[in-house]
Amino acid sequence: MLLNVHITPRALVETTQSEARFNAPALRRDLVELLLRHGVMRFTSSDEAGRWIDSLGLPALTPAEKKEWQQLLLSLKKQGRLSASTPPLITDAEVASTLAEIEGLTKGAPMLSVLGEETYRRLFPDATSGHAVPYPGLEITVPGSVADSQLYQGLRDLVDTGRLPEGTPRSEVWNSLFGPLASVSKEITIFDKYLLSRLFETGDEHVTWMLKNLNEVAPEGAGVVLIAARGTEGQYGAER
């Protein structure tokens, strides 16, 4: 599963320890972890991306908060998982007056948009909570309600367990997990301790299947590295 995450500059400030009325450090760690593992960070425009970066210099952020977000941005940029809408959807999402101005961020994948309190209340004046699902695949929250998002909860469960249910068809694993990640990754590393043993036992079908799928969806020029464990003597023959 791949999740588009949109966080406005104002929402970023509202996640700081100095302004938040909730467990800001826990939320920040979760957002960073989910983005690193399964996310693309999207902006409504290059101007918004610039303001987001400028916000990291505000005194409301502690040095630790600034460092954490900066490291996230560098990592996502390296992997090609930072995206600004072209043409711009709206220069500043915090002045949006209709959902149509930001819904285009979905780009074919589910999206979680985190807005500042004021913007959220303007878009949802009758809301009784800080979490809304205006369309399938689009969830909008204020920072303190991110944990109420079903998209967030689903990824959180996947990160916590580290696995899908035993017996899940490999096509489903690919479509729900690896395929979306591969489609936006310029560097792909696969760790499979059983890779060599399976090559000796059943041939290379599983390897060619994975490489074929990667070739179909990965960006042009993406690199793929396969890492396997060495067998030991008495296990699948002599040591290799």
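This section describes the internal cavity, a surface pocket and a nonpolar surface patch of the structure, which is a predicted model.

A search of the whole structure identified one cavity of 30 Å³ or more, and the volume of this largest cavity was computed as about 40 Å³. Its lining is made up of Leu3, Val5, Leu31, Leu34, Leu35, Gly39, Leu112 and Tyr152. Two elements, strand 1 (3–7) and helix 2 (24–38), each give two or more residues to this lining, with the largest share, three residues, coming from helix 2. By residue class, the lining of the largest cavity comprises seven nonpolar residues and one polar residue, with no charged residue among them.

The second largest pocket holds about 220 Å³ of space and is lined by Phe43, Ala49, Ile53, Leu56, Gln70, Leu73, Leu74, Lys77, Leu82, Ser83 and Ala84. At least two lining residues are supplied by each of helix 3 (46–55), helix 4 (63–78) and strand 3 (82–84), and helix 4 provides the largest share, namely four residues. The lining of the second largest pocket divides into eight nonpolar, two polar and one charged residue.

On the surface, a nonpolar patch is formed by Phe191, Val225 and Ile227, which together present about 300 Å² of accessible area. Of these residues, Val225 lies in strand 8, which spans residues 223–227. Val225 has a relative accessible area of 43% and is therefore classed as partly exposed, a value that also exceeds the cut-off of over 30% required of patch residues.

Key: Residues numbered from 1 in each chain as written. Predicted model: local features only at pLDDT ≥ 70, side-chain atom pairs only at ≥ 80, totals over all residues. Heavy atoms only, no water. Patch = residues over 30% accessible without salt bridge, like charges linked within 9 Å, V, L, I, M, F, W, Y side chains within 5 Å. Areas by Shrake-Rupley, 256 points an atom, 1.4 Å probe, with all protein chains shown as cover. Salt bridge = Lys/Arg side-chain N within 4 Å of Asp/Glu carboxyl O. Buried < 20%, exposed > 50% of the residue type's maximum accessible area, 1.4 Å probe, protein only. 1 Å grid on protein atoms, 1.4 Å probe; cavity = no way out; pocket = protein on both sides within 12 Å on 5 of 7 lines; lining within 4 Å. Points joined across faces, edges and corners; volume = space filled by probe spheres on them. Nonpolar A, V, L, I, M, F, W, Y, C, P; charged D, E, K, R; others polar.
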